Amino acid sequence: MYWRGLAIGWSFCGYMAVVIVTAALLHFLRRMPRFFSLASLPGTIGHELLHWLVGTLTLAKPVKVSLIPKFHRDGSATLGYVMFSNIRWYNALWVGFAPLLVLPAALSLVYYRSTQIPPLSLWEFAWSYVAASLAYSCVPSKADVGIVLSKPAGLIAYLSSVSILLWLWLKTTA
């Protein structure tokens, strides 16, 4: 089967099933914050790296990055963070939702590995673990959503722009 020029076959579906099961296992491991912080390290690195990269590109000025987990008294954990000194209306949305950009990378990894017609091996399970960790970490945290909501003018401006562009596009295609 082809979808937008990509060959999607049983190998892709099987690989994707392994990634989904691994992501579900990662979700289950959230109950054990210390072990979860180690198990989700590839995703945490991708999540924070995207915050830093997008923050740098949008002039949010990252000032501090940490990948060392901090465990709280209530049993929760902060796996990593990036601090910024210049969050403004025009970059808060991009900085807050930057981790969503890791999802295409995870899907590309799954597609690439599945096109190789992978045999069942430990290497393939390792690759599926990395893809699952990246996909699981693409969800913005409460702090990320807080950054976006801290500058409502930017959110309104971007949503208005998208609405106008969508309206114009629908008007020209109808």
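The largest pocket of this predicted model holds about 870 Å³ of space. Its lining is made up of 30 residues, and R30, H47, A77, L79 and S141 are the ones closest to the pocket centre. Several elements contribute: α2, α3, β5 (77–78), β6 (81–84), α6 and α7 (142–150) each supply at least two lining residues. Helix α3 gives the largest share of the lining, with 5 residues. As to how such space is found, rolling a probe the size of a water molecule over the atoms shows where empty space is left.

One of the elements in that lining is α6, a helix of residues 122–137. From its first C-alpha to its last, α6 reaches 22 Å over 16 residues, which is close to the 22 Å expected at 1.5 Å a residue. Its buried residues are E124, S128, A131, A132, S133, L134 and S137. The cover over these buried residues includes α1 (10–29), α2, α3 (41–57) and α5 (102–115). Helices α2 and α3 therefore appear both in the cover of α6 and among the elements that line the largest pocket.

Aromatic rings give another view of how the helices meet. In the whole structure, a search finds 4 aromatic pairs. One of them joins F36 and Y136 in an edge-to-face arrangement, with 6.1 Å from centre to centre and 80° between the planes. F36 belongs to helix α2 (residues 33–39) and Y136 to helix α6, so this pair ties together parts that are 100 residues apart in sequence. F36 has a relative accessibility of 5% and so counts as buried, the limit being under 20%.

W94 and Y158 form an edge-to-face pair because their ring planes stand at 80°, with the ring centres 5.4 Å apart. This pair also links distant parts of the chain: W94 is in helix α4 (residues 92–96) and Y158 is in helix α8 (residues 152–173), 64 residues apart. W94 is partly exposed at 43% relative accessibility. Y158 is partly exposed as well, with a relative accessible area of 23%.

F71 has a charged partner. This residue sits in strand β4 (residues 70–71), and its relative accessible area of 30% makes it partly exposed. The charged end of R34 is placed over the F71 ring, 4.2 Å from the ring centre. R34 is also one of the contacts of F71, which, outside its neighbours within four places in sequence, are P33, R34, S37, S76 and A77. A77 is in turn among the lining residues closest to the centre of the largest pocket. With S37 the separation in sequence is 34 residues, while the C-alpha atoms are 9.6 Å apart in space.

The backbone deserves a look in the loop between α3 and β3 (62–66), where L59 is located. Most residues other than glycine have a negative phi. L59 has a positive phi, near 65°. K61 is found in the same loop, between α3 and β3, and its phi is positive too, near 55°. L59 is exposed, since its relative accessible area is 54% and the limit for that class is over 50%.

Methods
Residues are numbered from 1 along each chain as its sequence is written. This is a predicted model: local features need pLDDT of at least 70, side-chain atom pairs count only at pLDDT 80 or more; totals for chains, interfaces and linings use all residues. Side-chain values use heavy atoms; hydrogens and water are left out. Helices (H or I, at least four residues) and strands (E, at least two) are DSSP runs, numbered from the N terminus. Buried means under 20% relative accessible area, exposed over 50%, partly exposed in between (1.4 Å probe, protein chains only). Contact means heavy atoms within 4.5 Å. Rings of Phe, Tyr and Trp (its six-membered ring) pair if their centres lie within 6.5 Å; planes under 30 degrees apart count as stacked, over 60 as edge-to-face and the rest as tilted. A charge sits over a ring if NZ of Lys or CZ of Arg is within 6 Å of the ring centre and within 35 degrees of the ring normal. The expected span of a helix is 1.5 Å times one less than its number of residues. On a 1 Å grid over the protein atoms alone, a cavity is a set of points where a 1.4 Å probe fits but cannot get out, and a pocket is an open set with protein on both sides within 12 Å along at least five of seven lines; lining residues have an atom within 4 Å of a point. Grid points are joined across faces, edges and corners, and a volume is the space filled by probe spheres set on the points.
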